[in-house]
Amino acid sequence: MHDIESFIQSGILEIYVLGMASAEEMRQVEEMVYTYKEVKEKIEEITETLKTYAESYSQAPNITIKPMIMASVDYEERLKSGEQPTFPPILTSNSTIEDYNEWINRKDMMLPDDFNSIYLKIIGYTPQAITAIAWLQSETPYEVHTDEHEKFLVLEGTCDIDIDGDIHSLIPGDCLSIPLHAGHVVRVTSQIPCKLILQRVAA
């Protein structure tokens, strides 16, 4: 029995469950499993523990990633088709909706009928800043930015931006910049999707 306990405590079973055992180690474990029920039970215990750990630390994918990728592809295709790059102004506390009329009023900057959750149309890109028109149906996931300033200008609808528990209620024309390292969530408070200028500026 002492040899079995030593075998169990050796760490080889964890390596086996993780799929990192050598061929010789796998042979040893499988022989022990066949001979001793204690070893089989320990393997089952380790497997369940690792599964529980993985589930508790798993995260759902950020729902903003796919819309941003699709918007980037769309922007590249538009440039390839002859659209000339434009350079929207950097958002400040003095920015107005009219500052972005050149892009807002374009016929190709519309929300599609199959809109779901978040939709973006990029209107300007440089290594320092990316600017997009964004539509949000309900809310964004919790985010923290460490290397870029995220800025919002509300065009239509209303939203609350929660910055580390400090709620900012925004209506059309309102502009807000998220401080670096601040956790934040945007929640739509209107019956219609919230339409915004979204800008991310390198810190």
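How far is the sulfur of cysteine 159 from the closest cysteine sulfur, and which cysteine holds that one? Let me start there, since it's the sort of thing we'd ask at the bench. The closest sulfur sits in cysteine 194, 4.0 Å away, and that's too far for a bond. A disulfide here needs the two sulfur atoms within 2.5 Å, so this pair doesn't make the cut. One thing to keep in mind throughout: what you're looking at is a predicted model.

Now cysteine 175. That one is in no disulfide either, and its nearest cysteine sulfur, the one in cysteine 159, is 11 Å away. Put it all together and the disulfide count is zero. As for how covered these residues are, cysteine 159 counts as buried because its relative accessibility is 0%. Cysteine 175, at 24%, counts as partly exposed.

Okay, on to the sheets. There's an open one built from five strands, in the order S1-S2-S8-S3-S6, and the pairing is antiparallel. The edges are S1 and strand S6, residues 175-178; each has a single partner strand, so one side of each has no neighbour in the sheet. Going from one strand to the next, the twist averages 20 degrees. As a quick reminder, strands of a sheet pair through backbone hydrogen bonds. Inside this sheet, strand S2, residues 129-136, runs antiparallel to strand S8, residues 194-202, and eight bridges join them. If you want a spot to click on, try threonine 131, which stands opposite glutamine 199 in S8.

Then there's an open sheet of three strands, ordered S5-S4-S7, also with antiparallel pairing. Which strands stand at its edges? Those are S5, residues 166-170, and S7, residues 184-188; each has a single partner strand, so one side of each is left without a neighbour. Here too, neighbouring strands are turned by 20 degrees against each other on average, ignoring direction. S4, residues 159-163, pairs with S5 over five bridges, in the antiparallel sense. One of the residues to look at is isoleucine 161, whose bridge partner in S5 is histidine 168.

Stay with S4 and S5 for a second, because the loop between them is where you find aspartate 164. Aspartate 164 isn't a glycine, yet it has a positive phi of about 50 degrees. Most residues other than glycine have a negative phi. At 53% relative accessibility, aspartate 164 counts as exposed.

Serine 117 does something similar: a positive phi, about 80 degrees, and again not a glycine. You'll find serine 117 in the loop between helix H6, residues 101-104, and strand S1, residues 118-125. Is serine 117 buried or exposed? Buried, because its relative accessibility is 18%.

Next, a contact across the chain. Alanine 71 is in helix H5, residues 65-80. Its C-alpha lies 6.1 Å from that of isoleucine 122, although the two are 51 residues apart in sequence. Alanine 71 counts as buried, at 2% relative accessibility.

Last stop, the surface. Ile15, Leu18, Met20 and Leu50 form a nonpolar patch, with about 370 Å² of accessible area together. Leucine 18 from that patch is in the loop between helix H2, residues 12-17, and helix H3, residues 23-35. Its relative accessibility is 51%, so leucine 18 counts as exposed.

That's my tour. Happy to pull any of it up on the screen.

Notes:
Residues numbered from 1 in each chain as written. Predicted model: local features only at pLDDT ≥ 70, side-chain atom pairs only at ≥ 80, totals over all residues. Heavy atoms only, no water. Patch = residues over 30% accessible without salt bridge, like charges linked within 9 Å, V, L, I, M, F, W, Y side chains within 5 Å. Areas by Shrake-Rupley, 256 points an atom, 1.4 Å probe, with all protein chains shown as cover. Salt bridge = Lys/Arg side-chain N within 4 Å of Asp/Glu carboxyl O. Helix = DSSP H or I, 4+ residues; strand = E, 2+ residues; numbered from the N terminus. Buried < 20%, exposed > 50% of the residue type's maximum accessible area, 1.4 Å probe, protein only. Pairing = 2+ DSSP bridges. Axes fitted to C-alpha atoms, helices over the stretch in contact; angles between N-to-C directions.
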